[in-house]
Amino acid sequence: MIIDAKTAKIPAGPIEHKWTEHKAHMKLVNPANKRKYTVIVVGTGLAGGAAAASLGELGYNVLNFCFQDSPRRAHSIAAQGGINAAKNYQNDGDSVYRLFYDTIKGGDFRAREANVHRLAEVSVNIIDQCAAQGVPFGREYGGTLANRSFGGAQVSRTFYARGQTGQQLLLGAYQALERQVAAGTVKMFARHEMLDVVLIDGRARGVVVRNLETGAIQSFIGDAVVLATGGYGNVFYLSTNAKGSNATAIWRAYKKGAFFANPCYTQIHPTCIPKSGDYQSKLTLMSESLRNDGRVWVPKKKGDTRPPHQIPEDERDYYLERVYPSFGNLAPRDVSSRQAKYRCDEGLGVGPGGLGVYLDFADAIKRLGKKVISERYGNLFEMYERITGEDPYTVPMRIYPAVHYTMGGLWVDYNLMSNVPGLFVGGEANFSDHGANRLGASALMQGLGDGYFVLPLTVGDYIASGGIAKADTNHAAFKDAERAAREKLDRLLSTNGTRTVDSFWKELGTIMWDECGMARNKESLERALTKIPALREEYWRNVKVLGSGAELNPELEKANRVGDFFELAELLCWDALQRNESCGGHFRTEYQTPDGEAQRNDSEYAYVAAWGYKGDEQAPELNKEPLVYENIQLATRSYK
Amino acid sequence: MSANGHGNGNMRLTLDVWRQKNAQDPGRFVRYQVDANEHMSFLEMLDVLNQDLIAKGEEPVAFDNDCREGICGMCGFLINGSPHGPVHGGTVCQLHMRHFKDGDALTLEPWRAKAFPVIKDLVVNRSALDRIIQAGGFISTRTGSAPEANSILVPKPAADRAMEAAACIGCGACVAACPNAAAALFTGAKITHLGSLPQGEPERVERAIGMVQQNTIEGFGHCTLMGECEAVCPAHVPLEVIPQMNKDYFRAMLRKRDPKATAGGA
């Protein structure tokens, strides 16, 4: 099926007025009636936490769930570098239009114009909101807010709180949320994991969750359900995501009919600490902000084993500065990662296994002094030293790309509602704003934009539109979902095979990284699509999960999530296989320019691929939403 | 070269791990041997132990963790009595095995505090900290009602001080280190963070009273300024947030007793 602008609910009119006009015509719920409506929010990160707090503040009865022990743990907390906003405080020519344009271009012209423009519009409100909440943003001596620059932009529009911006923004949302918990409008369910979404009469009406402490499986009913459960980067096993980050909520929603859009758009972040051994459990990101002052290089000579300080200047290749003279070390993530891969493929990589490049601060320290560098990046340098045992003030950092973010996610319309009425999706869990590649400091912007300024309004509009029938959790749809969830867990516990969950997860991750990672092609994807089903079949036959379902059982939680990763991995490869072009984070080796850049095919692939579930044994259905650009001319993306 | 022949960064450790099936189980230490190497993080060493245990048909050790980057605050337990282990200034997920050597014997146990009941093995319930935040650890700002961000200037030293206190990750190590099991560093950090900013001023009185009194309700002890909390804090929250909390609290109580003092301002 073709998803047109009407189905995507994209308002008519000029792009600068779409959101204002749309808001002006939304239906409203009477303030006194709001408490009679229940909104279920799953996830407590920037999108979920901000939405739950704001909906509670509006007066709705909010039920908020997270699998961690406290809403403050959500993985938004780990974002380091900053948050973009079109404030133009630096007088460097920034504007809402420019942020909009940079985001569309950064996404390699694969995002929906109207959503991105709205994001750029609300970006300024986000900063106001967070400053008012007491987020301790970096400041100038005069007391105004400070900015830094970030990859993919030539203006300085990124707001930051040291190297802990995500933490501080999340704590702002968390505090707003706890305020509503105290006020009684939000009921918080920590250590509860969503196992299914429940539909009645075709509308999303509730969730089935597992209380992770007691193992109890319970149902909750509401008038609307908001999923803000993050991305699926852990399908690669090794990623910068938290260990618990998982796709179960969005995957089970997909299996209940929600479209899954662009799963193949995965972001490989260029500045992560390289892997050190087989026991490695996750990869650690070093903020992209480091590229403001750090210079990326490799030795010019293959197999140069001299320590970095012994390699003279003219024997170093500062390849980002060479290949992209105008953006230099601030080239966007997908581009920088690919260049690092090329250098390592050429045998110029440094460190164990040749899988690394240098990120060198020697020049910056010489120019600005150690004190300034330490003020800017002190906590990141400390983290690097803690992990590697090397001091980045004296030895260049070694970095290598790693899976970091997933631009794909559940398909949503302009109101952030999926094709299932009443099922809203916010933050990284949806597909909407970043196209095929996300720019740095834009994830925090999108999470908070969705959570504070879009969902509280669009959820209200949906509820006020009526037609939601009375029902309760004794409805057969809830009982069926509870039974299915329980059966799945029981199966994992009773298989009693010979391999641990981790051994399967690592093997799946290796397949994904090797065959569908930084570079993919038809052959590698076809290989993956043979290997994954075979491994999945073994998983359900041979996995070993101990303990019971009636207690805290972290292995069982993990086994349940990994089961869903197998299925998602397959869809991801399908999507990558059908997209016969390269764009952003999706790089098909068959489609590249002579100098190794991504080669898009706008005439055939300028669409969102929204996959519909048709049954476990059936191929998924491909629905296409054509991307119509009315305000931006499609161009070859160049950072040279 | 170490005692049993490992010399390439490999090590064999003896772990006495607290195993407790649930809140009702009295719990006990169980001894395990584990092979590790110096490049692993402490939690990766426990992953290795757990994989071995599963292979042997024994239940793995439950421990909370999530980001493994030292920022989410989910991980944490005592290693030989020290919260997050012997190297201070970081979380246990950021503790690397190069700080240990072959033959080391380590005791692992959960945070010990009345306000943090054990759920299982090394996992405790820290929801008391969320309730302290609910008691006033916020600035009331309606979504959408905020003024233009630069209309309220914040001097850089005040912003820096706020940030230093706001760095708290809510892991609970301060409580675990405290001989009185007080949550003073945690509470003081939030009071100092919000109180350092002009935006936090209007609710300063109610915040101090609410948050401090919630500490008592939750069963945390009283602070006697031993400073153990600051020493183990993975986020480097300074001890001075505690006198700041006390100052705010005393001032708030005096104002509350004498309404004229509030009206008169300071």
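**Entry 1: where the two chains touch**

I looked up the contact between the chains and found that 63 residues come from chain B and 64 residues from chain A, two residues being in contact if their C-beta atoms, placed from the backbone, lie within 7 Å. I noted that this is a predicted model, in which local features need pLDDT of at least 70 and side-chain atom pairs count only at pLDDT 80 or more, while totals for chains, interfaces and linings use all residues. Residues are numbered from 1 along each chain as its sequence is written, and chains are lettered from A and ligands numbered from 1 in the order in which they are written.

Which element gives the most to the side of chain B that touches chain A? I found that α1(B) does, with six residues; helices here are DSSP runs of H or I with at least four residues, strands are runs of E with at least two, and both are numbered from the N terminus. By class, I listed this side of chain B as 28 nonpolar, 21 polar and 14 charged residues, where Ala, Val, Leu, Ile, Met, Phe, Trp, Tyr, Cys and Pro count as nonpolar, Asp, Glu, Lys and Arg as charged, and the others, Gly among them, as polar.

**Entry 2: two helices of chain A**

I then followed α13 (501-516) and α15 (554-578) of chain A, whose axes come within 10 Å and cross at roughly 20 degrees; axes are lines fitted to C-alpha atoms, for helices over the stretch in contact, and angles run from 0 to 180 degrees between N-to-C directions. That angle makes α13(A) roughly parallel to α15(A), a term for angles under 35 degrees. Among the residues that meet, I marked A:Trp505 and A:Met512 in α13(A), and A:Phe565 and A:Leu572 in α15(A). The contact of these two helices has 14 nonpolar, no polar and two charged residues.

**Entry 3: a sheet in each chain**

In chain A, I traced an open sheet of five strands in the order β11-β15-β14-β12-β13, with antiparallel pairing, two strands being paired if DSSP finds at least two bridges between them. Its edge strands, β11 (266-272) and β13 (316-317), each pair on one side only. I saw that β11(A) pairs with β15(A) over five bridges, and that A:Gln267 has A:Tyr405 in β15(A) as its bridge partner. Helix α8 (333-345) of chain A lies across β11, β12, β14 and β15, running at about 65 degrees to β11(A).

In chain B, I found an open sheet of five strands in the order β2-β1-β5-β3-β4, with mixed pairing.

Notes: Parallel < 35°, antiparallel > 145°, perpendicular 65-115°, else oblique.
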